[in-house]
Amino acid sequence: MIKRWAVLALVMSASLTAFAQEQQEENVYKRKFEQLDSELRSPNVYRTASGAPGHQYWQQRADYDIEVTLHDDTQRITGKETITYYNNSPDDLHYLWLQLDQNMRAISSDTYSTETNSIEDKMTIGSLRSIIGYGFDGGFKIQKVTEANGSELPYTINKTMMRVDLAKPLKPGEKMSFNVEWWYNINDRGILSDRGGYEYFPEDGNYLYTIAQWFPRMAVYSDFQGWQHKQFLGRGEFALPFGNYKVRITVPSDHIIAATGVLQNPEEVLTKEQQQLFAKARTSSKPVIIVSQKDAEKKEKTKAKDTKTWVYHADSVRDFAFGSSRKYIWDAMGVEVGGKTVMAMSYYPKEANPLYEQYSTEAVAHTLRVYSKYTVPYPYPVAISVEASNGMEYPMICFNYGRPAKDGTYSERIKYGMISVIIHEVGHNFFPMIVNSDERQWTWMDEGLNTFVQFLAEQEWQRDYPSSRGPAHKIVPYMNSAKDTQRPIMTNSEQVLQFGNNAYGKPATALNILRETVMGRELFDFAFKTYAQRWAFKHPTPEDFFRTMEDASGVDLDWYWKGWFYTTDHVDIALDDVKYFQMNTQDPRVENVLKQELDQRNANHIARTRNEKSVPKTAVENNPALRDFYNSYNEFAVSKQDIASYEQYRKSLSKEELAILDAKWHFYELTFRNNGGLVMPIVIQWNYADGTNEVQYIPAEIWRQNENKVTKVFARSKPVETIVLDPWRETADVDEDNNYWPAQDRPSRFELFKQQQAPRGSSGTNPMQRSNSERSRRP
């Protein structure tokens, strides 16, 4: 017996200790509403505390004059460039850093040597290749680096970076020109999936080239980090200065080129008919076919041996890319943006029809209009979508996917996936091609912001558009996943886990919640547009974004940035308890009745109920002499004196107090618990007994004095039947089961033979194919 009591004592002690720890954790102050000052760089003359560029803001500039040849017989690029570098900084520069991104595909690349894998993983041919080695001789082959006068400049290649040592320091305000010659082998994107490369079509023996990161490019030298020369491992993309480009591209004479910038010699590379069609497209309200499918199919069969040189100019861009193929179909139309005509264009092989002919250029035009509305008017003269079975962006041009089946039919997934990727990649013209953030460090600053505006554009394309990212509830599975599989948004690009969710989905959702729930559309849209206007053609940092959003809206959002961007907390606000109260009216004719009902409920018990049958008569019932005053006294009876006292009480009240007393308010004391850690606004839907409802928003500041548990009393003018938290699923709450009062049992659903069911349009025959097949079988 003594041992049993000892065990019980230990169990009780452990339970009390756990309870005490829980209470202690509940009361721990985690500084969720303190300012972010310690996390942010201090403002200075270059970047202000308001988030705007400072009065001494500066940035470097790099102009390029490039000659490049695409060798269709050997799949090789040879090129030479003259770079003119402007030192607008206050610093002497003793050397310059250039990016050699193609070196990521060198045989000795750190991309390969640092890639992790496990035999327990599901191995694919691609993953086995990465283990065995691709055997591809990739990477830049630098031939020479010289000064403008031809004398050699010493240089050092450090993996994907190259340092060029200067004969004398480049002083503030000075510029210098130097030359680089190089070549590299173009990778097969079917084997080495990459942003650029070639695709081979065995059916007709032709190639489609998407040429990107193809020339040595200047690294960024900035006020906040000096040279950005973090190695390129393949995920964290690019940080590049703005400049003007003159590019001469030599390709087989039957190729069509799509490129950054404006074609300078159309009379040398286009037929007269193509020139006329291009001119017609400028004023057309729908896409005009400039190179038809028939034209492209004809060239596929007769491969030219001679070459043509296409000349392009592009001003105020941070990069240059191009596509080249004899397979290209080409269409275009003019789009009015900001009082000028922008040429929206698409280039695609016949394998992308009919989807690209019907949707691509229209999607480009739509993107320009919507993004210009929410950010800045699109400043460039062209915007191009190239079908290349991938998704990647460059100034004025992007490479996209979306091919139908060989019979021309397509699934919903392919259709909307194609439209979404075009919107997304064209949208990248704004982030980061215009608002030029550092992708190598902060992927979310371009991918997250762009995915957010992509969602706005998708919803303006079609009312029931099936957006995969943006709505709050769609990020819930990620937010609710194991913490060791997540990283905060404010994580360097190479260290991010669940890259798509972290760098695209979560920041896009965070901005959508800010717009719809925290700030409201008017304040958010003004602040977001202000950020784009302030930092167009400049280099913003996260601090500049955070500070501008607060500065332009007048809303303190440090708590929001802290929770959503600096932690892996999630949203789970539970409705812990609900208590119902009514005001004491002081009217004895009302209150005494309620008191009597309560007294009767409290007096009733099981023995009393059973005694009605088991005890025929009590002692008092058998002997009336035992009765006295209290056997017939009703303590709840209303006397004249009670009524007089009540009337006197009413006379003592003001009109306002009488109005409150007579309003018959219903009071509900609600207790909310923050189970997920993220402090958020509380959205309450009151469902009334008369069938009506209303939604009430409580700002997140309700948590400022207790971040874990808060209690608040609400006055309602009519009785409440049920209460629901976050009824429109706008806060990304991961557990909706604790959002109801009274608690609701929501049965989960299951599917029979789930392993035999394919997602709609994901594999097998698509609905369009089935429809065509059924029509063909009809008599």
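Here is a short back-and-forth on a predicted model and the reasons behind some of its labels.

Me: Let's start with N206 in strand 9 (residues 206-211). Why is N206 called buried?

Reply: Its relative accessible area is 0%. Buried means under 20%, so N206 gets that label.

Me: What makes the link between N206 and R326 a polar contact?

Reply: The side chains of N206 and R326 are joined at 3.0 Å. The cut-off for a pair of N or O atoms is within 3.5 Å, so the pair qualifies. N206 also touches E199, Y200, F201, E300, K303 and K327, leaving out residues up to four places away in sequence.

Me: And S654, why is that one called partly exposed?

Reply: S654 has a relative accessible area of 33%. Buried stops under 20% and exposed starts over 50%, so 33% falls in between. For location, look at the loop between helix 19 (640-651) and helix 20 (655-662). From S654 to S639 you count 15 residues in sequence, and the C-alpha atoms are 26 Å apart.

Me: What makes strand 19 (residues 329-337) largely enclosed?

Reply: Eight of its nine residues are buried, so the rest of the structure largely encloses strand 19.

Me: How do you know that strand 19 pairs with strand 16 (residues 288-291) and with strand 20 (residues 340-348)?

Reply: Pairing takes at least two bridges. Strand 16 and strand 19 have three, antiparallel, with V288 opposite A332. Strand 19 and strand 20 have nine, again antiparallel, and there V335 stands opposite V342. The hairpin of strand 19 and strand 20 has two residues between the strands, and G338 takes a positive phi near 60 degrees.

Me: Now the open sheet with order 8-9-18-14. Why are strand 8 (197-201) and strand 14 (256-259) called edge strands?

Reply: Each of them pairs on one side only. The sheet has four strands with antiparallel pairing, and its neighbouring strands are turned by 10 degrees against each other on average, direction ignored. Strand 14 pairs with strand 18 (residues 322-325) over four bridges, and A258 stands opposite G323 there.

Me: There's also an open sheet of three strands, 24-25-28. How do you know that strand 24 and strand 25 (residues 666-674) are paired?

Reply: Nine bridges join them, antiparallel, and the bar is at least two. F581 stands opposite F667 in strand 25. The edges of this sheet are strand 24 (573-582) and strand 28 (709-716), and the average turn between neighbouring strands is 20 degrees, direction ignored.

Me: What describes the packing of helix 13 (residues 542-553) and helix 14 (residues 558-566)?

Reply: Two packed helices are described by the angle and the distance between their axes. Here the angle is about 145 degrees and the axes are 11 Å apart. The crossing is right-handed. F545, F546, M549 and E550 in helix 13 meet D558, W561, F565 and Y566 in helix 14.

Me: Last one: what makes W564 stand out in the largest nonpolar core?

Reply: That core has 189 residues, and W564 is among those that touch the most other members, along with W214, F322, F545 and F672. Helix 7 (residues 355-374) gives the most to this core, with 10 residues. Setting aside neighbours within four places in sequence, the contacts of W564 include M479, I489, I513, V571, L678 and M680. K506 and T731 are also on the contact list of W564.

Key:
Residues numbered from 1 in each chain as written. Predicted model: local features only at pLDDT ≥ 70, side-chain atom pairs only at ≥ 80, totals over all residues. Heavy atoms only, no water. Core = buried A, V, L, I, M, F, W, Y, C linked by side-chain atoms within 4.5 Å. Buried < 20%, exposed > 50% of the residue type's maximum accessible area, 1.4 Å probe, protein only. Contact = heavy atoms within 4.5 Å. Axes fitted to C-alpha atoms, helices over the stretch in contact; angles between N-to-C directions. Polar contact = N/O pair within 3.5 Å; in protein donor to acceptor, adjacent residues only side chain to side chain. Left-handed = near helix turned anticlockwise from the far one by under 90°.
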